[in-house]
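Trainee: I have the sequence and the coordinates open. Can we go through the strands, the salt bridges and the cores?

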Amino acid sequence: MKALKALRSLTAFSSKTHHPRFINPNFVSLYYSAQPQLDHSAAGQAADAGAAASSFSENETDAETPAFDSAQFRSPTSEFGKGEKIFQQPYWDEKYRDRVERKMFGAGNGKKSVRLLTEEKKSVRLLTEKKKSVRLLTEKKKSVRVEEEEEEEEQHEDEDEEEEEEEEDEEEERKRMLARRLLQAALEVADEEEAEDGEEDVGVKLEDQKSLSVGIIGAPNAGKSALTNYMVGTKVSGVSRKTNTTTHEVLGVMTRRDTQICFFDTPGLMLKKTGYPSKDSKAIIQSAWSSIDLYDVLIVLFDVHRHLSRPDSRVVRLIQRMGSEPNPKQKRVLCMNKVDLVEKKKSLLKVAEEFKDFGFDRFFMISGLKGSGVKDLTEYLMEQAVKRSWDEDPFTMSEEVMKNISLEVVRERLLDYVHQEVPYEIDHKLMDWRDLRDGSLRIEQHFVTNKVSQRKILVGKNGSKIGRIGIEANEELRSIFKREVHLILQVRVKR
């Protein structure tokens, strides 16, 4: 009876619910697998069935009716609690499954193909891990190599530093040895000269002295001042890229052994088409023309580099006139200057052939700035010296020469910083020259301009231009005179 009540309640419950719900299979198996308890014999089964029907009809609630125990029966396909699957057999047919697996995974077994795929995946993972390990090893090797290279570089740097230090030490030792040898040679030369002259610390005897006066002429910007400075060994004449740097005759003295040579640097000379100097030239240039015959040796200098690139007929006429008018008491020498600027040296022979018939005693190819070829010219001049007393003191510089040098140095700086016609119109004067008690020298020079505008140009903004000229000229004068110099420059307008 209890089982029938349970069935009725289930049917009512299923009729109310329209949507399928999940029912615990354990619960279902407990109810639907319930059966009456039967004996194993057939007779007992029939007797029990008749008794049960009579008892059921008489009294439904009789306590002696047999009870249904659903817990004694279990579903043959579900045993919960033992960890087994609910459906032991597959849904599909095994043949159909094999067919699908063959089509999907090939001719072999599907399970084997899956295993192969998993094995391939594992092998791929192993390969990736191996690659990672190889990368790590290569990175470690690279880091080790970098460290080794750095160590090698440090070692090389240390070795280079040691080698440089050794080379510096060797150079210092060489310099010391060279200085010692030069000192010894100088002492030996001094002893030889003293032995030849027969005097000690007195100088050359008056009857043994030789002297020579040399005039240097040429076109403007031919390199006369540079040659004079190189021959003398110090700056006595201003040098500039602008023409007409030298405005008056400059004296430079060179003394060697028993011979003294006086060089006279002259302003640039030019000739007109007629072959004569122009009448409009200044008095200084006219005096230079008049003093040509007063020198023992006349050096005619011209720029051979410019002559090869842009020949000037006025320079050719000057060379031709100086060679065609010989002086029996004078030697005339033609010097081709600035040969260091000529690339093709064979062209110098053509120039020498061009001027060989002009009447000059000797030809020299020199560079007054760098000194190439000057040694041969000096030896020639030493041979031309005549016996007579020296005109200048070989040991001290006269005051007139020092004043002239101070003017030339300041004018050189003036031409470097003031351009066009302004520096040629300025009157440059030496106003004061004084020796002070502390051994220094006070020099005062004035620039006299014709216009106020020229004064402004020369002074510059807040005195910057005239200050720069004074500073550079003062430093150069200190190096020349070997003493402290106080240079004072003033600019004023002509009244």
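Mentor: Start with a strand pairing, and keep in mind that this is a predicted model. Seven bridges join β4 to strand β5, residues 331–337, and the two run parallel.

Trainee: Which residue in β5 is the bridge partner of Phe302?

Mentor: Phe302 belongs to β4, on the side with Leu298 and Val300. Strands β4 and β5 are parallel partners. Within β5, Phe302 is bridged to Met336.

Trainee: Which residue in β4 is the bridge partner of Gly218?

Mentor: Look at strand β1, residues 210–218. It pairs with β4 in the parallel sense over five bridges. The β4 partner of Gly218 is Leu301.

Trainee: How many of the residues of β4 are buried?

Mentor: Take the strand face by face. One side carries Val297, Ile299, Leu301 and Asp303, all buried. The other carries Leu298, Val300 and Phe302, buried as well. For residues 297–303, the count is seven of seven.

Trainee: Now Thr449. Is it buried or exposed?

Mentor: Thr449 lies in strand β9, residues 441–449. Its contacts beyond four places in sequence include Ile426, Gln454, Val491 and Val493. The cut-off for buried is under 20% relative accessible area. Thr449 has 0%, so it counts as buried.

Trainee: Which residue offers the backbone oxygen that the side chain of Thr449 reaches?

Mentor: Arg455, Arg492 and Lys494 are among the residues that Thr449 touches, leaving out those up to four places away. The backbone oxygen is a separate matter. The side chain reaches it at 3.2 Å, and it belongs to Lys451.

Trainee: On to charges. How many residues apart are Asp340 and Lys370?

Mentor: Their side chains meet in a salt bridge, 3.9 Å from N to O. Asp340 sits in the loop between β5 and α10, Lys370 in the loop between β6 and α11. The pair links distant parts of the chain, and the separation is 30 residues.

Trainee: Of that pair, which residue is exposed?

Mentor: Exposed requires over 50% relative accessible area. Asp340 has 30%, so it is partly exposed. At 61%, the exposed residue is Lys370.

Trainee: What is the N to O distance between Glu412 and Arg413?

Mentor: Both residues are buried. Glu412 has a relative accessible area of 7%, and Arg413 has 14%. Their side chains form a salt bridge, with N to O at 3.3 Å.

Trainee: Why does the pair of Arg483 and Asp435 tie together parts that are apart in sequence?

Mentor: The side chains meet in a salt bridge at 3.2 Å, N to O. Arg483 lies in the loop between α15 and β10, while Asp435 is in strand β8, so the pair spans a sequence separation of 48 residues.

Trainee: Which residues join Glu412 and Arg413 in one network?

Mentor: The whole structure holds 19 salt bridges. Some share partners, and that sharing builds the network. Besides Glu412 and Arg413, its members are Lys235, Asp416, Glu472 and Glu476.

Trainee: Last, the cores. How many residues has the largest nonpolar core?

Mentor: Phe263 is one of its residues with the most contacts inside it, along with Leu381, Phe447, Leu458 and Phe481. Beyond four places in sequence, Phe263 contacts residues including Val214, Ile216, Met231 and Leu381. Another core lies apart, with Tyr295, Val300, Met336 and Ala352 among its 27 residues. The largest core has 48 residues.

Note on methods: Residues numbered from 1 in each chain as written. Predicted model: local features only at pLDDT ≥ 70, side-chain atom pairs only at ≥ 80, totals over all residues. Heavy atoms only, no water. Buried < 20%, exposed > 50% of the residue type's maximum accessible area, 1.4 Å probe, protein only. Helix = DSSP H or I, 4+ residues; strand = E, 2+ residues; numbered from the N terminus. Pairing = 2+ DSSP bridges. Polar contact = N/O pair within 3.5 Å; in protein donor to acceptor, adjacent residues only side chain to side chain. Contact = heavy atoms within 4.5 Å. Salt bridge = Lys/Arg side-chain N within 4 Å of Asp/Glu carboxyl O. Core = buried A, V, L, I, M, F, W, Y, C linked by side-chain atoms within 4.5 Å.
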